[in-house]
Amino acid sequence: RGSPFTAQQSASIFTVSLLVLPRSPMSLSIYFLLGLLLDVPVTWAVRDERTLEQDSTGGSFVFVHLADPQLGMLNMYGAPNDWQEEETMSRELATMATKIEPKPKFLFLGGDMQNEWPNTGNQHGDNTRAGLQRGAVKTLLTGVKQSGIPISCTPGNHDVGDEPQDGNLGDYSSWWSSFCTPNLPGLETHEFSTANRWVVGKVLFLQIDSQLYFTHSLGDARQKQTQWLRTQVIDSMPNNIEQIVVFTHIPPFMNRPNEPHGWANWQLKYRTGGEANSEDVLAILAKTQKPVLWVCGHFHTNVANDAQRHKIRVTSAAGTTMWWKPGSPNTNTGTLSKEEAAVVAGMPIGQAFCERIVDGTFNFSEPLPQKACVGANYAKKDDRMKPVKDRSGMRIFHVKDDGTFKEKWFTLDALEKKLASNKLTMNSLGLALDA
C-alpha cells in the first residue's frame, strides 16, 4: 500500500474571514446581524500538507464530496451546545456514502467541520465546545473509515478561525491530519508543499488553500502555494493526465473569472490577468491546456458552471443549508444559477445575509452592524437556513480514468428513497458513464 505519511515543513496560510472589522461593509458578518460581535486581529498560522502518487483504476471510479457539516451553526445563539440536527444529517449522509456501489475511491470533506471558533487572541470560541464538535464529526465518519474509504480534507474558516492566530493552523493539522489521510496506493510524501496532490487514472487531484487567494495578506504563504501549484501542473505533471480536479473551500468565482470580489469568491488579482500576472492561479492551470474542475463548498447552496474552461461545482451543506433568495425568480430550491450566485457571492457578507436571507435592506452608512439591516424579517432565516433531510445532502462523482465524469447532488431524503427501492449503484443514481 505504500509508505505512510510523515509531517513536512509547514507554511503560513491565511484564511478567509466572514466577520472582521465591523465598520468595513465587505466584512460585516452574518453573525453581526444575528447579534454576535467579535473583534479579531489579522495574523497567520501554519499547517503541514501531504501528497499521493498515481493510482490506476483500470476503468472508472467514484468519489463523494461532503461539504460544511459545520456542527453548531443552526443553534449557535439559542442553544449553542445543541447540534443534533446537523450531526444527524451529516452522519446519515456519511453512512449513505458507504452504501454506494462501487465503493468510493475517497471522500472529500470540504471544510467547516465545526462552527465554533478557535479561542485564540480576541476570537471568542469555546475550546471545549469546539473539541466536542470536532469529535462528533470524527465519530460520524467512523463508518466511512471502517468501510475502507479514505478521507481527504481541506480547512474551512470555522476550523481555523476567520483570521487565524499563530498556531491555529498548526492546531488544525494536529486535529485533522492523521484523521484525513487519504490512504491510496502509491502513498508518498512531498517536501515543502503547502497543498495535496494525487493521481487516479489520468486525473490529477489538487487540494489548495483558498483563503490565501481571498486576501492580499500573507504573500509568502501564497507565493509558496502558487509556486507549488505551478510545479505540479507545469513541471512535474504526468504526461498522461487528461483532467485536473481542484479541491478547495471557497470557489475562485461563480460565473466568470472577472466578476466582482465579495464574501464567497477570490480576490480578482489571483483569478485574472492571464500569463502576464504570475499570481493568476487560473492562468497557471490553463497553461496545461487540460480541462479543470473546481470542487468547492462554503456557499451552503449548490452552484454549477460549465461555461468556462474552469468548470465549477459548489456543493451545498451536509449540515445547515442556506437557500439564498435570488433576484428573479423569487424562489430557491437549493440551487442558484451561476449568475445569481455571482451576485450573492460578490456582496459583503452582511449585505448578502440581510438582503438574501432575511429580506431586509442593507444600510452601508450605519456603523452598528445590528442596525445595518433595515426591515429584516428574521422568520425568513428559520425558513431559509435548515439542516433537514430534503435539503442537506452530498455530491457524488463518477469519473472515467480519462477524466470524463458525471456528478449529481443528492439530498439525504433522495438517497434514502433510492436505497429503499434499490441499491445505490451508478445506474440507479443516474450516474452511469457511456462505455
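**A hairpin and the sheet around it**

Seven bridges tie strand S20 to strand S21, and the two run antiparallel. This is a predicted model. S20 and S21 make up a hairpin, with four residues between them. One of the residues in the turn, Gly 403, has a positive phi of about 95°.

On its other pairing, S20 (residues 393–400) meets strand S5 (residues 60–66), again antiparallel, through six bridges. Arg 395 is a handy residue to follow here. Within S21, Arg 395 has Trp 409 as its bridge partner, while His 65 stands opposite Arg 395.

Now for the whole sheet. It's an open one with five strands, in the order S8-S7-S5-S20-S21, and the pairing is mixed. S8 (151–153) and S21 (405–411) sit at the edges with a single partner strand each, so one side of each has no neighbour in the sheet. From one strand to the next, the twist averages 20°.

What about burial in S21? Five of its seven residues are buried, that is, under 20% relative accessible area, so S21 is largely enclosed by the rest of the structure. In a regular strand, side chains alternate between the two faces of the sheet.

Two helices come into the picture as well. Helix H2 (residues 84–98) lies across S5, S7 (106–109) and S20, and runs at about 20° to S20. Helix H14 (residues 412–421) also packs on the sheet, where it touches S20 and S21. The direction of H14 makes about 100° with that of S21.

How values were computed. Residues are numbered from 1 along each chain as its sequence is written. This is a predicted model: local features need pLDDT of at least 70, side-chain atom pairs count only at pLDDT 80 or more; totals for chains, interfaces and linings use all residues. Side-chain values use heavy atoms; hydrogens and water are left out. Two strands pair if DSSP finds at least two bridges between them. Axes are lines fitted to C-alpha atoms, for helices over the stretch in contact, and angles run from 0 to 180 degrees between N-to-C directions. Contact means heavy atoms within 4.5 Å. Buried means under 20% relative accessible area, exposed over 50%, partly exposed in between (1.4 Å probe, protein chains only).
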